[in-house]
Amino acid sequence: MRLEEMYQELGISRKVLEFGLEIEKELKGRFDAVDETAEYNQMKVIGAMQKARVSDIHFAATTGYGYNDLGRDVLEEVYARAFHGEAALVRPQLISGTHALHVALSGNLRPGDELLSPVGKPYDTLEEVIGIRDSAGSLKEYGVVYRQVDLLADGSFDYEGIKKAVNERTKLVTIQRSKGYATRPTLSVKQIGELIAFIKRIKPDVICMVDNCYGEFVERTEPTDVGADMIVGSLIKNPGGGLAPIGGYIVGQKDCIDRASYRLSAPGLGKEVGASLGLNQSFFQGLFLAPTVVAGALKGAIFAANIYERLGFLVVPDGKESRHDIIQAVTLGTQEAVVAFCQGIQAAAPVDSFVTPEPWDMPGYDAPVVMAAGAFVQGSSIELSADAPIKEPYAVYFQGGLTWYHAKLGILMSLQKLMDAGIPCKM
Ligand SMILES: *Cc1c(COP(=O)(O)O)cnc(C)c1O
């Protein structure tokens with residue numbers, strides 16, 4: 001069977017395939033640059049593993065308290081080395097990105113302290129962590145005051161506003177790298193470095209934390225290379241490489257990591273406890289694969305941007321821009337279109353391809369969300385996935401793909417479903 005027939009058998013019409021192949025041909029130079037970054041980051045990860053002397057004994061399981069879990073301690077050393085921090089907390093007990101961010105924030109903030117976001121509203125789930133939306137157990141309930149300075153209309157930093165907002169109680173600054181569920185641009189590592197330098201000039205002892213979700217291995221440097229005191233992320237996104245079945249990480253200054261560890265386990269216990277339950281091998285191996293997995297996801301994002309831009313939709317980032325995370329936003333404008341898009345992503349999946357995603361009220365989100373995820377790991381968004389809050393401007397956020405070929409199929413299928421639903425697409 002020819003490749004074209006293989007696609008047809010999976011449900012992609014000839015018209016959609018030809019349109020996709022034409023776009024793909026134009027992207028060769030972009031894809032080569034993505035591969036070069038992956039090669040650089042692959043060397044970074046292998047170097048970290050060699051320096052930490054990773055060995056197969058580190059894949060052994062521990063249970064119970066997890067005292068002397070060698071694999072866990074070496075895994076944390078590898079993360080610290082790969083991301084150029086002094087220390088790391090990398091645990092299956094960090095349930096998700098939101099949990100890791102909560103542990104980093106609540107471990108390092110005390111009653112009366114102020115938390116500042118100089119990049120506008122943070123990711124939806126953090127609104128309840130911080131107490132922007134009232135929530136039991138929020139930082140607000142513990143007496144932490146939150147301030148926010150929005151980005152300027154052109155997406156740049158409001159340096160004047162930030163200078164006014166920093167005061168003697170400002171203890172921690174949280175900087176979200178990725179756009180999350182917003183249509184603002186994602187920040188580059190360089191921009192994050194400039195922002196941190198500006199803030200540290202005003203107040204040198206402030207802790208600068210970066211929500212690094214979806215940004216790992218997209219560039220050659222990470223925010224820890226440009227002054228961040230802590231970076232935080234999820235292992236079911238980029239750094240888990242698709243193999244980590246759970247987990248989160250915090251990398252940075254030793255005192256920040258120690259304080260976070262006392263919040264994760266208990267004061268006095270910190271990093272010394274926490275069994276790895278046999279997950280270490282998938283954490284090591286996932287990190288090892290992460291640079292190339294991220295490259296596949298990036299190619300998918302670039303492909304999607306160019307396809308939907310050509311069809312006349314607003315895409316962020318646009319088809320030409322440089323990339324700082326693996327997320328692609330496409331504003332489709334109607335509920336029918338975002339649902340059809342997500343149904344296409346689902347239909348292309350290796351797992352649960354036969355189910356039809358519908359919008360539902362998810363915990364932590366303020367509008368119904370439709371999600372497509374035919375994933376090996378539940379909710380994993382380094383795997384090909386798409387989600388869209390059912391609210392204006394009806395944008396879908398698309399990310400992941402453990403392989404470029406799967407990402408390509410998913411994007412072609414999303415277009416196929418839009419056409420099948422009769423949504424106007426001028427090819
Ligand atoms: C995904 C994400 C989070 C939260 O991570 P979960 O693992 O879904 O809890 C936080 N911030 C950003 C920018 C994210 O993309």
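The largest pocket comes out at a volume of about 1100 Å³. Among the 47 residues that line this pocket, Tyr-123, Met-362, Tyr-365, Met-371 and Gly-379 are the closest to its centre. As for secondary structure, two or more lining residues apiece come from H5, helix H6 (124-130), strand S10 (369-373), strand S11 (385-389) and strand S12 (395-399). H5 makes the largest contribution to the lining of the largest pocket, with four residues. Sorted by class, that lining splits into 21 nonpolar, 20 polar and six charged residues. The model is a predicted one.

Now for the occupant. The space taken by the ligand is this largest pocket. Around the ligand sit Ser-96, Gly-97, Thr-98, Leu-101, Tyr-123, Gln-176, Asp-211, Cys-213, Tyr-214, Ser-234 and Lys-237. Helix H5 (residues 97-108) again provides the largest share, this time three residues of the ligand shell. The class tally for the shell reads four nonpolar, five polar and two charged residues. Tyr-123 turns up both in the ligand shell and in the group closest to the pocket centre.

Three side chains of the shell can be picked out for their polar atoms. In the case of Asp-211, a side-chain N or O atom is 2.6 Å from a nitrogen atom of the ligand. Lys-237 places a polar side-chain atom 3.0 Å from a ligand oxygen. For Ser-96, the distance between an N or O atom of the side chain and an oxygen atom of the ligand is 3.4 Å. As for how covered the ligand is, it exposes 380 Å² when taken alone, and the protein buries 90% of that area.

What about enclosed space? Rolling a probe the size of a water molecule over the atoms shows where empty space is left. Searching the whole structure turns up one cavity of 30 Å³ or more, and the volume of the largest cavity is about 30 Å³. Its lining is made up of Ser-117, Val-119, Gly-120, Pro-122, Leu-126, Thr-174, Gln-176 and Asp-211. By class, the cavity lining has three nonpolar residues, four polar ones and one charged. Two names here are familiar from the ligand: Gln-176 and Asp-211 line the cavity and also belong to the ligand's surroundings. Asp-211 thus appears in the cavity lining as well as in the 2.6 Å pair with a ligand nitrogen.

Terms used:
Residues numbered from 1 in each chain as written. Predicted model: local features only at pLDDT ≥ 70, side-chain atom pairs only at ≥ 80, totals over all residues. Heavy atoms only, no water. Near = heavy atom within 4 Å. Polar contact = N/O pair within 3.5 Å; in protein donor to acceptor, adjacent residues only side chain to side chain. Areas by Shrake-Rupley, 256 points an atom, 1.4 Å probe, with all protein chains shown as cover. 1 Å grid on protein atoms, 1.4 Å probe; cavity = no way out; pocket = protein on both sides within 12 Å on 5 of 7 lines; lining within 4 Å. Sits in = over half its atoms within 2 Å of the grid points. Nonpolar A, V, L, I, M, F, W, Y, C, P; charged D, E, K, R; others polar. Points joined across faces, edges and corners; volume = space filled by probe spheres on them.
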